[in-house]
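Thanks, everyone. I have one structure to go through today, and I will keep it short. Please have a look at it first.

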Amino acid sequence: MSLRDVTKDNVRDVIALEVAQEQSSYVATNAKSIAEAHFEPKAWFRAVGAGDDLVGFAMVYRDPTAGIFYIWRFMIDARHQGQGYGRRAMELLLDEARADGAREITLSVVPGERSALDFYRRLGFEETGKIEHGELELRLSLT
């Protein structure tokens with residue numbers, strides 16, 4: 001597994017990755033995420049690779065100076081869910097956060113029947129009690 005640069009050679013493949021239809025209201029498309037990233041200097045985005053295949057996408061608001069590592073977007077393609085790719089990709093993101101010296105990782109998630117809330121809870125993320133735009137904020141301590 002690896003976090004790979006999104007390049008002119010693979011951007012179409014990254015954009016083609018999609019969550020299951022019933023999950024589509026929980027996460028923005030990769031095309032929208034890549035477009036937004038180009039207007040946020042602290043955005044860091046990568047394709048999630050498994051062998052020769054691209055299986056997902058992650059985008060982080062990353063500010064090592066301030067100790068901020070916020071997982072802005074995270075998705076695993078519907079065809080590749082349930083195979084451990086999400087957990088392994090999150091481990092790679094944890095490694096990036098630790099390399100930045102971050103003390104915690106935060107993210108937000110829309111609650112619902114097919115949301116990723118239970119996935120994040122299984123990884124040890126805990127609710128902070130903050131809700132913004134209908135999304136629950138979660139945190140994971142790295143200390």
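I will start with the whole chain and then turn to a hairpin and two single residues.

Keep in mind that this is a predicted model.

First, the overall make-up. The protein chain contains four helices and seven strands. Reading from the N terminus, the order is β-α-α-β-β-β-α-β-α-β-β. How compact is the chain for its length? Its radius of gyration is 14 Å, and the globule rule gives 15 Å for 143 residues, so the chain is as compact as a globular protein of that length. The C-alpha trace spans about 35 × 35 × 30 Å along its principal axes.

Next, contacts and burial. Among contacts in the protein chain with a separation of 6 or more, 58% are between residues 24 or more positions apart. Of the 143 residues, 42% count as buried.

As for the surface, the accessible area is about 8100 Å², and carbon and sulfur atoms make up 46% of that. On charge, there are 18 positive and 23 negative side chains. The centres of those two sets lie 2 Å apart.

Now the hairpin. Strand β6 covers residues 126-132, and strand β7 covers residues 135-141. The two run antiparallel and are joined by four bridges. One of the pairings puts E132 opposite E135 of β7 as its bridge partner. Two residues sit between the strands, and H133, in the turn, has a positive phi of about 55°. How many of the seven residues of β6 are buried? The count is zero, so to speak of cover here, β6 has hardly any.

Moving on to single residues, take T106, which lies in strand β5, residues 104-109. Is T106 buried or exposed? Its relative accessibility is 14%, and the cut-off for buried is under 20%, so T106 counts as buried. Setting aside neighbours within four places in sequence, T106 is in contact with F69, Y70, I71, L138 and R139. Of these, L138 and R139 fall within the residue range of β7, 135-141.

The other residue is D13, in helix α1, residues 11-16. Why does D13 count as partly exposed? Its relative accessibility is 48%, and partly exposed runs between the 20% and 50% limits, so D13 belongs there. Its C-alpha atom is 7.4 Å from that of L54, although 41 residues separate the two along the chain.

That is what I had on this one.

Conventions
Residues numbered from 1 in each chain as written. Predicted model: local features only at pLDDT ≥ 70, side-chain atom pairs only at ≥ 80, totals over all residues. Heavy atoms only, no water. Rg over C-alpha atoms; globule rule 2.2 N^0.38 Å. Buried < 20%, exposed > 50% of the residue type's maximum accessible area, 1.4 Å probe, protein only. Contact = heavy atoms within 4.5 Å. Areas by Shrake-Rupley, 256 points an atom, 1.4 Å probe, with all protein chains shown as cover. Lys, Arg positive; Asp, Glu negative; His and termini not counted. Charge placed at Lys NZ, Arg CZ, Asp CG, Glu CD. Pairing = 2+ DSSP bridges.
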